[in-house]
Amino acid sequence: MDVPIAANVLGTIGAVCWSIQLIPQIIINYNRHNTTGLQRSMMLLWALAGIPLGAYNIASNFNIALQVQPQILTVLSLITWIQCWHYDDKWSTTKCSVVVTTIGIIFGGVEAGLVFALRAGVKKDRHWPVVLMGVVSTLLLSAGVLRHYYDIYVHRTVRGISFIFVGIDAAGDVFSLVSVFFQPKLDILGMVIYATEFVLWCGVFACGGYFNLLPWVRMKMSERTLKRREEQREHDANEAAPERITLHQIGSSTSVFRTPSSVTHARTSLQQSAS
């Protein structure tokens, strides 16, 4: 299905999602000044995946949005990766800047070389290297997410990762996947790349619901039940308490029963008032 406008619009939306996907994670890391639970190996694998994915998209003549998309993925992944070293291993800002800039330049040079090599191969009707780049990128992206699955299995919780980031990334995969359908030629491998990533993120969402959301809901329900029981106990205690009886001291002189002492006291009081 050859619909260039639809391919560009959907691809652009996917690229925008991938452009901002890691920003929530970067902000969370900055605010809490630690990256506990965030797998640095996942971020490095993603940064590496951007190299063959970018070469594959460019050599396949995908729309501009899909060609730019892997470059953004690599840059944001490297920023998130270097945050792990900065906050957890206390690397200085200068050291982090030098390391990430050097790696970024090397990655860019490798991708540029791959693009020229792949295009030269396509001109000679050799398409298997392009397919290989697509397969490698898929494996690297999947390995990055699967690394987080291992952490979920070990700790029985989804930790260190922003669900906003996961949602935006999954949305980017969906739009990019649909945009492939509107390319001049239906690319099966491109569909596999984005579909695989989307399915893996759905699994992370499911794990988050089971290990994080469900216990939280149970805890809140338990707190409400305990509060209601305490209120009911207080109510029952108030209902069962006997009515208070107030005793007033009444002098013996006003009593119906007269005693010798009361009579003597009354006479004395009368004599004093008369005198």
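## An all-helix fold, from packing to pocket

The protein's secondary structure adds up to nine helices and zero strands. Walk along the sequence and the pattern reads α-α-α-α-α-α-α-α-α. Keep in mind that this is a predicted model. Of the 275 residues in the protein, 37% are buried. Now take the contacts between residues at least 6 apart in sequence: 82% of these join residues at least 24 apart.

A good place to start is a pair of helices. In general, two packed helices are described by the angle between their axes and the distance between the axes. Here, helix H1 (residues 4-20) packs against helix H4 (residues 64-88) at an angle of about 5°, and their axes are 8 Å apart. Angles under 35 degrees count as roughly parallel, so H1 is described as roughly parallel to H4. And who meets whom? On the H1 side, the residues are Asn8, Gly11, Thr12, Gly14, Ala15, Trp18 and Ser19. Across from them in H4 sit Ile64, Ala65, Leu66, Gln69, Ile72, Leu73 and Leu76. Sorted by class, this contact of H1 with H4 has eight nonpolar residues, six polar ones and no charged ones.

Some of these residues turn up again in the contacts of helix H7 (residues 163-181), which is where Ser179 lies. Is Ser179 buried or exposed? With a relative accessible area of 0%, Ser179 is buried, because anything under 20% counts that way. Setting aside residues up to four places away in sequence, Ser179 touches Ala7, Leu10, Gly11 and Leu66. Take Gly11 from that list: Ser179 and Gly11 are 168 residues apart along the chain, but 5.4 Å separates their C-alpha atoms.

Ser176 is found in H7 too, and it also counts as buried, at 0% relative accessibility. Which residues does Ser176 touch, not counting those up to four places away in sequence? They are Gly14, Leu66, Gln69 and Tyr194. Gly14 is one of the H1 residues in the contact with H4, while Leu66 and Gln69 belong to the H4 side. As for distances, the C-alpha atoms of Ser176 and Ala7 are separated by 8.7 Å, with their positions 169 residues apart along the chain.

Next comes Met191, which lies in helix H8 (residues 188-240). Its relative accessibility is 18%, and that counts as buried. Leaving out neighbours within four places in sequence, Met191 is in contact with Leu177, Val180, Phe181 and Leu186. One of these, Val180, is 11 residues away along the chain, and the C-alpha atoms of Met191 and Val180 are separated by 6.7 Å.

The loops have their own oddities. Most residues other than glycine have a negative phi. Asp125 goes the other way: it is not a glycine, yet its phi is positive, at about 65°. Asp125 sits in the loop between H5 and H6. With a relative accessible area of 61%, Asp125 is exposed. Arg156 also has a positive phi without being a glycine, with a value near 55°. The place of Arg156 is the loop between H6 and H7. At a relative accessible area of 44%, Arg156 is partly exposed.

Last, the empty space. Rolling a probe the size of a water molecule over the atoms shows where empty space is left. In this model, the largest pocket has a volume of about 460 Å³. It is lined by 17 residues, and the closest to its centre are Ser60, His127, Val130, Lys185 and Asp187. Which helices supply at least two residues each to this lining? Those are helix H3 (40-59), helix H5 (93-123) and helix H6 (128-155). H5 gives the most, with three residues. What kinds of residues line the largest pocket? By class, the lining divides into nine nonpolar, four polar and four charged residues.

Note on methods: Residues are numbered from 1 along each chain as its sequence is written. This is a predicted model: local features need pLDDT of at least 70, side-chain atom pairs count only at pLDDT 80 or more; totals for chains, interfaces and linings use all residues. Side-chain values use heavy atoms; hydrogens and water are left out. Axes are lines fitted to C-alpha atoms, for helices over the stretch in contact, and angles run from 0 to 180 degrees between N-to-C directions. Helices (H or I, at least four residues) and strands (E, at least two) are DSSP runs, numbered from the N terminus. Angles under 35 degrees count as roughly parallel, over 145 as roughly antiparallel, 65 to 115 as roughly perpendicular and the rest as oblique. Contact means heavy atoms within 4.5 Å. Ala, Val, Leu, Ile, Met, Phe, Trp, Tyr, Cys and Pro count as nonpolar, Asp, Glu, Lys and Arg as charged, and the others, Gly among them, as polar. On a 1 Å grid over the protein atoms alone, a cavity is a set of points where a 1.4 Å probe fits but cannot get out, and a pocket is an open set with protein on both sides within 12 Å along at least five of seven lines; lining residues have an atom within 4 Å of a point. Grid points are joined across faces, edges and corners, and a volume is the space filled by probe spheres set on the points. Buried means under 20% relative accessible area, exposed over 50%, partly exposed in between (1.4 Å probe, protein chains only).
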